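These are my notebook entries on one model. I record below what I looked up, entry by entry.

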Amino acid sequence: MCTSIAMKTNDFYFGRTMDLDYEFHTSVVIMPRNYPIAFRRSRVLRRHNAVIGMATVVDEYPLYAEAANEKGLCMAALNFPDNAAYPDEEDPRRTNVSPFELIHWVLGQCGSVEDARRLLDSTHLVNIPFSDSLPLTPLHWHIADQTCSVALENTRDGLQLYDNPVGVLTNNPAFSFQLTNLSQYMNLISGYPKNCFSDLKGIAPFGQGLGSFGLPGDYSPASRFVKSAWLLLNSVCDKDDPGSLSQFFHLLDSVSVVKGSVLSRQEECDMTTYACCINATRGVYYYKTYGNSQFTAVNLRHEDLESSALRIFPLIVSQQIAWAN
């Protein structure tokens, strides 16, 4: 369970909720231009775009959940169980890349969604786990820049890249269903509703917000897609950075999972362990955690991007409070 959003105001913003029933020890990680990126079936990228995002670092390798590069291209991996399929066979006509390498492969080399389209056209995802103790996770990906979004899915039908005019991605079912499903909610409006029921007198709204009656409120992927899409497409906010940042986190809060409201099959609490917003124009990564609702920021451009060493910023997870007296 996760939701990702791309939003353009004066700057371009990209972020997501991370909804899990376990902790995987993440940090905000900056990968500078000269940090060598090794791939299992391809060349080592010894120089590449600088990248910032949330990752678990294993054997000095950052396994990114979502990230942005210095050129403003963003990418998030979201859970896609029962649909994601990674073939065992390699394709000699294309570059073979494991799913855990894909964010590095795309963000390291591309500066825009169009660059990513061209690169992915010659890319073949292959079933190579990170290690015996870290098998592959079934994923699909949201890729976006300030001009457009796409959704990338690898199923039994192969690698598919979908235009994503909504700028939202959740989980199952497949992305094509999520767009079609929006047709069921064409009646929603943000304004004051009119009586379309009949010409019967006396039928009138009994409160504010009835134009959105029927907007889903549950935590299922399809409902989170509809709710996020409707709120994003009707969003009104100040277009400066503080106003946009505040609005973006309000959008994420609308689909954040409260601990105890969703239980996994193992009876563990699924919850929004963190939510993030990347100002991709300025290279600033903002986040908050379930236990700390205060924003914490890491600025890509405050670091030496010509370095060859990772910069790792552990999460601040205990509640931070700004006292007024």
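**Entry 1: Pro173 and its peptide bond**

I located Pro173 in the loop between β12 (168-169) and α3 (175-181). The model is a predicted one, and I read all entries here with that in mind. I then checked the peptide bond from Asn172 to Pro173 and found it cis, with omega near -10 degrees. I note for context that most peptide bonds are trans.

**Entry 2: Ala222**

From Asn172 I moved to Ala222, since Asn172 is among the residues in contact with Ala222. Ala222 has its place in helix α4 (residues 221-233). Beyond neighbours within four places in sequence, I listed the contacts of Ala222 as Asn172, Phe177, Gln178 and Asn181. Is Ala222 buried or exposed? Its relative accessibility is 19%, and Ala222 therefore counts as buried; the cut-off for buried is under 20%. I also looked up the separation of Ala222 from Asn49: the two are 173 residues apart in sequence, and their C-alpha atoms are 34 Å apart in space.

**Entry 3: positive phi angles**

I next searched for positive phi angles outside glycine. As a reference, most residues other than glycine have a negative phi. I found that Glu60, which is not a glycine, has a positive phi of about 65 degrees. Glu60 sits in the loop between β4 (51-58) and β5 (61-69). With a relative accessible area of 61%, Glu60 is exposed.

I recorded Glu267 as well, where phi is positive at about 65 degrees although the residue is not a glycine. I placed Glu267 in the loop between β13 (262-263) and β14 (269-279). Glu267 has 58% relative accessibility and so counts as exposed.

**Entry 4: helices α1 and α2**

I then examined how helix α1 (residues 102-109) meets helix α2 (residues 113-121). Their axes come within 9 Å and cross at roughly 130 degrees. This angle makes α1 oblique to α2. I noted the crossing of α1 past α2 as right-handed.

Which residues make the contact? From α1 I listed Leu102, Trp105, Val106 and Gln109, and from α2 Ala116, Leu119 and Leu120. I sorted the residues of this contact by type: six are nonpolar, one is polar and none is charged.

**Entry 5: the two sides of α2**

I asked which residues of α2 are buried. They are Val113, Ala116, Leu119 and Leu120. These residues span an arc of only 115 degrees around the axis, so they lie on the same side of α2. On the other side of α2, I found Arg118 and Asp121 exposed. I also looked up what covers the buried residues of α2: the cover includes α1, β8 (123-125), β9 (139-144), β10 (149-155) and β11 (158-163).

**Entry 6: Leu45**

I followed Gln109 of α1 to Leu45, as Gln109 is one of the residues that Leu45 touches. Leu45 belongs to the loop between β3 (27-31) and β4. Leu45 has a relative accessible area of 6% and is therefore buried. Residues up to four places away in sequence aside, Leu45 touches Tyr35, Pro36, Ile37, Phe39 and Gln109. I also computed its distance to Trp105: the two residues are 60 apart in sequence and 8.8 Å apart in space, C-alpha to C-alpha.

**Entry 7: Ala77**

I found Ala77 in strand β6 (residues 74-79). Its relative accessibility is 10%, so Ala77 counts as buried. What does Ala77 touch, not counting residues up to four places away in sequence? I listed Arg16, Ala65, Ile103, Leu139, His140 and Trp141. The C-alpha atoms of Ala77 and Pro99 are separated by 9.4 Å, and the two residues are 22 apart along the chain.

**Entry 8: Ser256**

My last entry concerns Ser256, in the loop between α5 (241-253) and β13. Ser256 is buried, with a relative accessible area of 17%. Not counting residues up to four places away in sequence, I recorded that Ser256 touches Thr17, Tyr219 and Thr272. I closed with the pair Ser256 and Asp19: these residues are 237 apart along the chain, while their C-alpha atoms are separated by 7.8 Å.

Technical notes:
Residues numbered from 1 in each chain as written. Predicted model: local features only at pLDDT ≥ 70, side-chain atom pairs only at ≥ 80, totals over all residues. Heavy atoms only, no water. Axes fitted to C-alpha atoms, helices over the stretch in contact; angles between N-to-C directions. Helix = DSSP H or I, 4+ residues; strand = E, 2+ residues; numbered from the N terminus. Parallel < 35°, antiparallel > 145°, perpendicular 65-115°, else oblique. Left-handed = near helix turned anticlockwise from the far one by under 90°. Contact = heavy atoms within 4.5 Å. Nonpolar A, V, L, I, M, F, W, Y, C, P; charged D, E, K, R; others polar. Buried < 20%, exposed > 50% of the residue type's maximum accessible area, 1.4 Å probe, protein only. Arc of directions from axis to C-beta.
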